[in-house]
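Got the viewer open and a selection box ready? Let's take a walk through this one, stop by stop.

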Amino acid sequence: MTATPHAADLATGQSLAHGSLGTVLLDVERAHRGTTAWHEVQRRLTGIGPLIDGDQAGLFLGAPAMAFVLHLAAADTGRYANALAALDRTIAAHTRQRLAAAHTRIDHGIPAAFAEYDLLRGLTGIGALLLRRAPTGDDLRGVLEYLVRLTRPLPDGQPGWWVWHGPTNLHQPTPAGHANAGLAHGITGPLALLALATLRGITVPGQETSMQTICHWLDQIRQTDRHGTHWPRWTHTAGPATHHTEAPSWCYGTPGIVRAQQLAALALDDSARQRAVEEALLSCIGDSAQLDQLTGRSLCHGIGGLLRVVQRVAADALDPHRFQEHVPRLTQRFLAAPPPQGSGFLEGTAGAALAFQSADTPAPACDWDTSLLLV
(Lines give C-alpha, C1' and ligand atoms only; values in the text may rest on other atoms or scores of the structure.)
Protein backbone atom coordinates (compact mmCIF):
# COMPACT_ATOMS: atom_id res chain seq x y z
CA MET A 1 0.00 0.00 0.00
CA THR A 2 2.77 2.44 0.91
CA ALA A 3 6.28 3.20 -0.25
CA THR A 4 8.81 6.01 -0.37
CA PRO A 5 9.15 7.19 -3.97
CA HIS A 6 11.88 9.45 -5.31
CA ALA A 7 11.52 13.06 -4.15
CA ALA A 8 10.53 14.09 -7.68
CA ASP A 9 7.28 12.16 -7.24
CA LEU A 10 6.15 14.21 -4.24
CA ALA A 11 4.34 16.82 -6.31
CA THR A 12 2.73 14.36 -8.70
CA GLY A 13 -0.26 12.34 -7.69
CA GLN A 14 0.59 12.22 -4.00
CA SER A 15 0.00 15.88 -3.20
CA LEU A 16 -3.39 17.13 -2.10
CA ALA A 17 -2.05 20.68 -2.27
CA HIS A 18 -0.50 20.79 -5.72
CA GLY A 19 -0.68 17.38 -7.39
CA SER A 20 -3.28 15.33 -9.19
CA LEU A 21 -4.67 13.87 -5.96
CA GLY A 22 -5.93 17.34 -5.09
CA THR A 23 -7.63 17.76 -8.43
CA VAL A 24 -9.56 14.54 -7.79
CA LEU A 25 -11.40 16.43 -5.03
CA LEU A 26 -13.12 18.45 -7.74
CA ASP A 27 -14.24 15.24 -9.48
CA VAL A 28 -15.51 13.85 -6.14
CA GLU A 29 -17.54 16.98 -5.48
CA ARG A 30 -18.98 16.89 -8.99
CA ALA A 31 -19.75 13.18 -8.73
CA HIS A 32 -21.72 13.80 -5.54
CA ARG A 33 -23.60 16.55 -7.40
CA GLY A 34 -24.28 14.20 -10.31
CA THR A 35 -22.30 16.17 -12.90
CA THR A 36 -19.36 13.71 -13.12
CA ALA A 37 -19.54 9.91 -13.31
CA TRP A 38 -18.03 7.91 -10.47
CA HIS A 39 -16.01 5.83 -12.93
CA GLU A 40 -14.16 9.03 -13.82
CA VAL A 41 -13.20 9.44 -10.15
CA GLN A 42 -11.99 5.84 -10.10
CA ARG A 43 -9.99 6.34 -13.29
CA ARG A 44 -8.24 9.37 -11.80
CA LEU A 45 -7.42 7.52 -8.58
CA THR A 46 -6.08 4.37 -10.22
CA GLY A 47 -2.80 5.87 -11.32
CA ILE A 48 -1.88 7.32 -7.93
CA GLY A 49 0.63 5.31 -5.92
CA PRO A 50 2.54 3.75 -4.31
CA LEU A 51 1.67 5.97 -1.38
CA ILE A 52 4.17 7.85 0.72
CA ASP A 53 4.16 6.99 4.42
CA GLY A 54 7.08 8.55 6.21
CA ASP A 55 8.01 11.74 7.99
CA GLN A 56 6.85 13.76 4.98
CA ALA A 57 3.37 12.22 4.86
CA GLY A 58 0.46 14.25 6.19
CA LEU A 59 -3.04 15.38 5.38
CA PHE A 60 -1.76 17.01 2.18
CA LEU A 61 0.66 14.29 1.06
CA GLY A 62 0.74 10.52 0.71
CA ALA A 63 -1.33 7.93 2.56
CA PRO A 64 -3.26 10.41 4.78
CA ALA A 65 -4.12 12.55 1.74
CA MET A 66 -5.43 9.52 -0.14
CA ALA A 67 -7.47 8.47 2.90
CA PHE A 68 -9.03 11.93 3.03
CA VAL A 69 -10.04 11.85 -0.64
CA LEU A 70 -11.40 8.30 -0.42
CA HIS A 71 -13.33 9.17 2.75
CA LEU A 72 -15.07 12.03 0.95
CA ALA A 73 -15.73 9.83 -2.08
CA ALA A 74 -17.15 7.01 0.05
CA ALA A 75 -19.50 9.24 2.06
CA ASP A 76 -22.06 6.88 3.60
CA THR A 77 -21.59 4.12 1.03
CA GLY A 78 -19.34 1.08 0.96
CA ARG A 79 -17.07 2.53 -1.71
CA TYR A 80 -13.36 1.94 -1.12
CA ALA A 81 -14.04 0.10 2.16
CA ASN A 82 -11.08 -2.27 1.86
CA ALA A 83 -8.67 0.46 0.79
CA LEU A 84 -9.81 2.73 3.61
CA ALA A 85 -9.47 -0.03 6.21
CA ALA A 86 -5.87 -0.63 5.11
CA LEU A 87 -5.13 3.09 5.09
CA ASP A 88 -6.64 3.47 8.56
CA ARG A 89 -4.15 0.92 9.90
CA THR A 90 -1.26 2.65 8.18
CA ILE A 91 -2.29 6.07 9.47
CA ALA A 92 -2.76 4.77 13.02
CA ALA A 93 0.82 3.50 13.09
CA HIS A 94 2.06 6.70 11.46
CA THR A 95 0.23 8.84 14.02
CA ARG A 96 1.72 6.99 16.97
CA GLN A 97 5.23 7.36 15.59
CA ARG A 98 4.71 11.06 15.02
CA LEU A 99 3.25 11.54 18.51
CA ALA A 100 6.14 9.70 20.16
CA ALA A 101 8.66 11.93 18.36
CA ALA A 102 6.73 15.08 19.27
CA HIS A 103 6.51 14.19 22.96
CA THR A 104 10.24 13.41 23.01
CA ARG A 105 10.94 16.83 21.52
CA ILE A 106 8.77 18.50 24.18
CA ASP A 107 10.45 16.46 26.93
CA HIS A 108 13.78 17.97 25.86
CA GLY A 109 12.42 21.53 25.80
CA ILE A 110 13.34 22.04 22.15
CA PRO A 111 11.31 24.42 19.94
CA ALA A 112 9.01 22.81 17.38
CA ALA A 113 8.89 22.95 13.59
CA PHE A 114 5.84 23.50 11.39
CA ALA A 115 6.14 19.93 10.12
CA GLU A 116 5.46 18.59 13.62
CA TYR A 117 2.18 20.32 14.36
CA ASP A 118 0.71 22.27 11.44
CA LEU A 119 -2.27 21.54 9.19
CA LEU A 120 -0.45 20.84 5.95
CA ARG A 121 2.25 18.46 7.17
CA GLY A 122 1.84 17.98 10.88
CA LEU A 123 -0.30 16.39 13.56
CA THR A 124 -3.07 18.97 13.28
CA GLY A 125 -3.72 17.77 9.73
CA ILE A 126 -3.63 14.15 10.86
CA GLY A 127 -6.06 15.07 13.64
CA ALA A 128 -8.43 16.69 11.14
CA LEU A 129 -8.47 13.40 9.21
CA LEU A 130 -8.98 11.32 12.35
CA LEU A 131 -11.84 13.56 13.44
CA ARG A 132 -13.64 12.32 10.32
CA ARG A 133 -12.30 8.77 10.06
CA ALA A 134 -12.00 7.68 13.72
CA PRO A 135 -13.56 10.32 16.01
CA THR A 136 -13.86 8.01 19.02
CA GLY A 137 -10.45 6.38 18.66
CA ASP A 138 -7.41 6.60 20.89
CA ASP A 139 -5.28 8.11 18.14
CA LEU A 140 -7.41 11.26 17.92
CA ARG A 141 -7.29 11.55 21.69
CA GLY A 142 -3.53 11.23 21.44
CA VAL A 143 -3.38 14.12 18.97
CA LEU A 144 -5.58 16.29 21.17
CA GLU A 145 -3.45 15.48 24.23
CA TYR A 146 -0.36 16.45 22.26
CA LEU A 147 -1.93 19.77 21.22
CA VAL A 148 -2.75 20.49 24.85
CA ARG A 149 0.92 19.94 25.65
CA LEU A 150 1.94 22.12 22.71
CA THR A 151 0.21 25.14 24.26
CA ARG A 152 2.30 25.00 27.43
CA PRO A 153 5.29 27.39 27.53
CA LEU A 154 8.79 26.31 26.59
CA PRO A 155 11.46 26.44 29.33
CA ASP A 156 12.52 29.91 28.14
CA GLY A 157 8.96 31.20 28.51
CA GLN A 158 8.12 31.36 24.80
CA PRO A 159 4.83 29.83 23.63
CA GLY A 160 4.95 26.08 23.16
CA TRP A 161 4.31 26.46 19.42
CA TRP A 162 7.41 28.64 18.99
CA VAL A 163 9.41 27.26 16.04
CA TRP A 164 13.17 27.33 15.51
CA HIS A 165 13.05 28.17 11.79
CA GLY A 166 11.87 31.18 9.81
CA PRO A 167 8.33 31.76 8.54
CA THR A 168 9.30 31.13 4.91
CA ASN A 169 12.61 29.24 4.95
CA LEU A 170 11.58 26.09 6.80
CA HIS A 171 14.95 24.36 6.61
CA GLN A 172 17.27 26.97 8.09
CA PRO A 173 17.40 28.18 11.69
CA THR A 174 16.49 31.81 12.19
CA PRO A 175 17.74 33.92 15.11
CA ALA A 176 15.49 33.29 18.12
CA GLY A 177 12.76 31.67 15.96
CA HIS A 178 9.15 32.86 15.78
CA ALA A 179 5.52 32.09 16.67
CA ASN A 180 3.10 31.81 13.76
CA ALA A 181 -0.57 32.86 13.79
CA GLY A 182 -1.78 31.54 10.44
CA LEU A 183 -4.34 28.78 9.97
CA ALA A 184 -2.18 26.82 7.53
CA HIS A 185 1.06 26.73 9.54
CA GLY A 186 0.41 28.52 12.81
CA ILE A 187 -1.35 27.97 16.11
CA THR A 188 -4.83 28.81 14.83
CA GLY A 189 -4.79 25.42 13.06
CA PRO A 190 -4.56 23.57 16.39
CA LEU A 191 -7.10 26.01 17.84
CA ALA A 192 -9.61 25.15 15.10
CA LEU A 193 -9.06 21.40 15.56
CA LEU A 194 -9.44 21.60 19.34
CA ALA A 195 -12.63 23.60 18.89
CA LEU A 196 -14.10 21.30 16.22
CA ALA A 197 -13.43 18.28 18.42
CA THR A 198 -15.04 20.01 21.40
CA LEU A 199 -18.13 20.88 19.36
CA ARG A 200 -18.43 17.16 18.55
CA GLY A 201 -18.18 16.24 22.24
CA ILE A 202 -14.60 14.91 21.99
CA THR A 203 -12.38 16.28 24.73
CA VAL A 204 -9.27 15.47 26.74
CA PRO A 205 -8.07 17.04 30.02
CA GLY A 206 -6.81 20.59 29.51
CA GLN A 207 -8.50 21.11 26.14
CA GLU A 208 -10.55 24.11 27.23
CA THR A 209 -7.55 25.72 28.92
CA SER A 210 -5.48 25.24 25.78
CA MET A 211 -8.06 26.99 23.63
CA GLN A 212 -8.16 29.86 26.12
CA THR A 213 -4.36 30.07 26.09
CA ILE A 214 -4.26 30.39 22.31
CA CYS A 215 -7.08 32.94 22.29
CA HIS A 216 -5.32 35.01 24.94
CA TRP A 217 -2.13 35.04 22.83
CA LEU A 218 -4.14 36.14 19.80
CA ASP A 219 -5.60 38.94 21.91
CA GLN A 220 -2.07 40.04 22.84
CA ILE A 221 -0.87 40.31 19.24
CA ARG A 222 -4.13 41.74 17.86
CA GLN A 223 -3.84 45.06 16.04
CA THR A 224 -6.51 47.70 15.42
CA ASP A 225 -6.28 50.60 12.99
CA ARG A 226 -8.41 52.39 10.41
CA HIS A 227 -8.85 49.08 8.55
CA GLY A 228 -10.35 47.42 11.65
CA THR A 229 -9.03 44.56 13.75
CA HIS A 230 -6.46 42.18 12.30
CA TRP A 231 -3.55 39.94 13.31
CA PRO A 232 0.07 39.75 12.10
CA ARG A 233 1.26 36.60 10.37
CA TRP A 234 3.82 35.93 13.07
CA THR A 235 5.69 37.40 16.00
CA HIS A 236 9.31 37.14 17.07
CA THR A 237 11.21 38.32 20.12
CA ALA A 238 11.02 41.95 18.95
CA GLY A 239 7.24 41.83 18.52
CA PRO A 240 4.88 41.46 15.53
CA ALA A 241 6.63 40.96 12.21
CA THR A 242 4.69 43.71 10.45
CA HIS A 243 2.46 46.61 11.28
CA HIS A 244 0.54 46.71 8.01
CA THR A 245 -2.69 44.89 7.33
CA GLU A 246 -2.14 41.43 5.88
CA ALA A 247 -3.91 40.28 2.73
CA PRO A 248 -7.27 38.72 3.76
CA SER A 249 -6.33 35.17 2.80
CA TRP A 250 -7.39 31.83 4.23
CA CYS A 251 -3.86 30.70 5.03
CA TYR A 252 -2.48 33.65 6.99
CA GLY A 253 -4.90 36.55 7.07
CA THR A 254 -7.81 37.73 9.15
CA PRO A 255 -10.41 35.37 7.57
CA GLY A 256 -8.72 32.13 8.62
CA ILE A 257 -7.78 33.47 12.05
CA VAL A 258 -11.35 34.68 12.56
CA ARG A 259 -12.87 31.32 11.63
CA ALA A 260 -10.61 29.51 14.12
CA GLN A 261 -11.58 31.95 16.87
CA GLN A 262 -15.26 31.77 15.97
CA LEU A 263 -15.13 27.98 16.34
CA ALA A 264 -13.30 28.38 19.66
CA ALA A 265 -15.89 30.90 20.85
CA LEU A 266 -18.67 28.46 20.01
CA ALA A 267 -16.83 25.67 21.81
CA LEU A 268 -16.18 27.85 24.87
CA ASP A 269 -19.62 29.50 24.82
CA ASP A 270 -17.89 32.88 24.59
CA SER A 271 -20.39 35.14 22.82
CA ALA A 272 -18.26 38.25 23.40
CA ARG A 273 -15.34 36.76 21.47
CA GLN A 274 -17.64 35.48 18.75
CA ARG A 275 -19.14 38.93 18.28
CA ALA A 276 -15.73 40.63 18.27
CA VAL A 277 -14.12 38.32 15.70
CA GLU A 278 -17.17 38.36 13.45
CA GLU A 279 -17.01 42.16 13.46
CA ALA A 280 -13.33 41.91 12.52
CA LEU A 281 -14.18 39.84 9.46
CA LEU A 282 -17.02 42.18 8.48
CA SER A 283 -14.61 45.11 8.59
CA CYS A 284 -12.16 43.13 6.49
CA ILE A 285 -14.58 42.17 3.72
CA GLY A 286 -16.04 45.68 3.68
CA ASP A 287 -12.62 47.25 3.05
CA SER A 288 -11.73 47.48 -0.64
CA ALA A 289 -8.10 48.26 0.20
CA GLN A 290 -7.76 44.87 1.86
CA LEU A 291 -9.72 42.98 -0.78
CA ASP A 292 -7.61 44.53 -3.54
CA GLN A 293 -4.60 42.64 -2.15
CA LEU A 294 -6.20 39.38 -3.34
CA THR A 295 -5.31 39.28 -7.01
CA GLY A 296 -6.19 35.68 -7.91
CA ARG A 297 -8.88 33.04 -7.48
CA SER A 298 -6.97 30.46 -5.43
CA LEU A 299 -7.99 28.96 -2.11
CA CYS A 300 -4.75 29.58 -0.28
CA HIS A 301 -3.86 33.16 -1.21
CA GLY A 302 -6.82 34.29 -3.29
CA ILE A 303 -10.45 35.29 -3.31
CA GLY A 304 -11.60 31.65 -3.48
CA GLY A 305 -10.38 30.95 0.05
CA LEU A 306 -11.94 34.15 1.38
CA LEU A 307 -15.26 33.29 -0.25
CA ARG A 308 -15.34 29.85 1.39
CA VAL A 309 -14.37 31.24 4.81
CA VAL A 310 -17.09 33.88 4.67
CA GLN A 311 -19.71 31.25 3.90
CA ARG A 312 -18.60 29.00 6.76
CA VAL A 313 -18.49 31.92 9.18
CA ALA A 314 -21.95 32.99 8.03
CA ALA A 315 -23.38 29.54 8.74
CA ASP A 316 -22.48 29.92 12.44
CA ALA A 317 -22.70 33.70 12.80
CA LEU A 318 -24.81 35.61 15.29
CA ASP A 319 -26.28 37.47 12.30
CA PRO A 320 -25.71 35.35 9.15
CA HIS A 321 -27.30 37.89 6.80
CA ARG A 322 -24.55 40.44 7.40
CA PHE A 323 -22.08 38.00 5.85
CA GLN A 324 -24.37 36.52 3.21
CA GLU A 325 -25.00 39.92 1.67
CA HIS A 326 -21.28 40.14 0.82
CA VAL A 327 -21.20 36.84 -1.09
CA PRO A 328 -22.48 38.18 -4.45
CA ARG A 329 -19.88 40.96 -4.43
CA LEU A 330 -17.11 38.55 -3.47
CA THR A 331 -18.25 36.23 -6.25
CA GLN A 332 -17.99 39.10 -8.73
CA ARG A 333 -14.45 39.78 -7.52
CA PHE A 334 -13.66 36.09 -7.95
CA LEU A 335 -14.85 36.12 -11.57
CA ALA A 336 -12.94 39.32 -12.31
CA ALA A 337 -9.67 37.87 -10.98
CA PRO A 338 -7.36 35.92 -13.31
CA PRO A 339 -7.60 32.13 -13.07
CA PRO A 340 -4.69 30.22 -11.52
CA GLN A 341 -1.90 28.94 -13.74
CA GLY A 342 -1.74 25.43 -12.29
CA SER A 343 -4.36 22.74 -11.85
CA GLY A 344 -3.93 21.97 -8.13
CA PHE A 345 -6.12 22.34 -5.08
CA LEU A 346 -4.57 24.98 -2.83
CA GLU A 347 -3.29 27.37 -5.48
CA GLY A 348 -4.72 25.98 -8.72
CA THR A 349 -7.83 25.71 -10.81
CA ALA A 350 -9.30 22.73 -8.95
CA GLY A 351 -9.52 24.62 -5.66
CA ALA A 352 -10.79 27.75 -7.39
CA ALA A 353 -13.50 25.73 -9.12
CA LEU A 354 -14.51 24.13 -5.83
CA ALA A 355 -14.84 27.55 -4.21
CA PHE A 356 -16.92 28.91 -7.08
CA GLN A 357 -19.04 25.76 -7.36
CA SER A 358 -19.88 26.02 -3.66
CA ALA A 359 -20.59 29.76 -3.77
CA ASP A 360 -24.32 29.20 -4.13
CA THR A 361 -24.63 27.00 -1.04
CA PRO A 362 -23.16 27.13 2.48
CA ALA A 363 -22.39 23.39 2.50
CA PRO A 364 -20.65 21.72 -0.44
CA ALA A 365 -21.68 18.18 -1.33
CA CYS A 366 -18.62 16.50 0.22
CA ASP A 367 -17.24 18.99 2.78
CA TRP A 368 -13.95 19.28 0.90
CA ASP A 369 -13.13 22.31 3.06
CA THR A 370 -12.62 20.01 6.02
CA SER A 371 -9.04 20.00 4.73
CA LEU A 372 -8.91 23.76 5.38
CA LEU A 373 -10.19 23.31 8.97
CA LEU A 374 -13.23 25.41 8.21
CA VAL A 375 -15.70 22.75 9.34
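Where does F345 lie? Type it in and you land in the loop between α15 (327-336) and α16 (349-357). Before going further, keep in mind that this is a predicted model.

**Stop 1: F345**

Show F345 as sticks and put a surface over the protein. F345 counts as buried, with a relative accessibility of 0%. Now bring up what surrounds F345. Leaving out residues up to four places away in sequence, F345 touches L16, A17, G22, L25, F60, L299, A350, G351, L354, W368, S371 and L372. For a distance check, pick the C-alpha atoms of F345 and L294: they sit 17 Å apart in space, with the two positions 51 residues apart in sequence.

**Stop 2: the α1/α2 pair**

Next, select residues 20-33 for helix α1 and residues 38-46 for helix α2. How do the two axes cross? They come within 9 Å of each other, at an angle of roughly 170°. Anything over 145 degrees counts as roughly antiparallel, and α1 and α2 are therefore roughly antiparallel to each other.

Turn on side chains to see who meets whom. From α1, pick S20, L21, T23, V24, D27, V28, A31 and H32; from α2, the residues they meet are W38, V41, R44 and L45. Colour this contact by class and you get seven nonpolar, three polar and two charged residues.

**Stop 3: α3 and the loop after it**

Move along to helix α3 (residues 63-74) and pick out H71. Is H71 buried or exposed? H71 counts as buried, at 18% relative accessibility, because the cut-off for buried is under 20%. Once its neighbours within four places in sequence are set aside, H71 is in contact with L84, R132 and R133.

Then click on A75, in the loop between α3 and α4 (81-107). Here's one for the Ramachandran plot: A75 is not a glycine, yet its phi is positive, at about 50°. A75 is partly exposed, with a relative accessible area of 42%.

**Stop 4: the open sheet**

Switch to cartoon for this one. Which order do the four strands of the open sheet follow? Reading across, it goes β3-β4-β7-β8, and the pairing is antiparallel. At the edges are β3 (163-165) and β8 (239-240), each pairing on one side only.

Walk over the sheet from the β3 edge. β3 is joined to strand β4 (residues 173-180) by two bridges, and the two strands run antiparallel. Select V163 and H178 to see one bridge pair, with H178 being the partner in β4. Go on from β4 to strand β7 (residues 234-236), where two bridges again pair the strands in the antiparallel sense. There, N180 stands opposite W234 in β7. While you have sticks on, a general point is handy: in a regular strand, side chains alternate between the two faces of the sheet.

**Stop 5: α9 and α10**

Select helix α9 (residues 207-221) and find Q212 in it. Q212 counts as partly exposed, at 40% relative accessibility. Draw a C-alpha distance from Q212 to L191: the separation is 9.2 Å, for residues 21 apart along the chain.

Now jump to helix α10 (residues 254-268), where T254 is found. T254 is buried, with a relative accessible area of 3%. Which residues does T254 touch, not counting those up to four places away in sequence? Highlight T229, H230, W231, A280 and C284.

**Stop 6: cysteines and a last phi**

How many disulfides does a search of the whole structure find? Zero. C251 is a good place to look: the nearest cysteine sulfur belongs to C300 and is 3.7 Å away, and C251 is in no disulfide. A disulfide needs the two sulfur atoms within 2.5 Å. C251 is also buried, at 1% relative accessible area.

Try C366 next. Its closest cysteine sulfur is in C300, 19 Å away, which is too far for a bond. C366 is buried as well, with a relative accessible area of 7%.

Finish on D367, in the segment after α16. Phi of D367 is near 50°, a positive value in a residue other than glycine. With a relative accessible area of 21%, D367 is partly exposed.

How values were computed:
Residues numbered from 1 in each chain as written. Predicted model: local features only at pLDDT ≥ 70, side-chain atom pairs only at ≥ 80, totals over all residues. Heavy atoms only, no water. Buried < 20%, exposed > 50% of the residue type's maximum accessible area, 1.4 Å probe, protein only. Axes fitted to C-alpha atoms, helices over the stretch in contact; angles between N-to-C directions. Parallel < 35°, antiparallel > 145°, perpendicular 65-115°, else oblique. Contact = heavy atoms within 4.5 Å. Nonpolar A, V, L, I, M, F, W, Y, C, P; charged D, E, K, R; others polar. Pairing = 2+ DSSP bridges.
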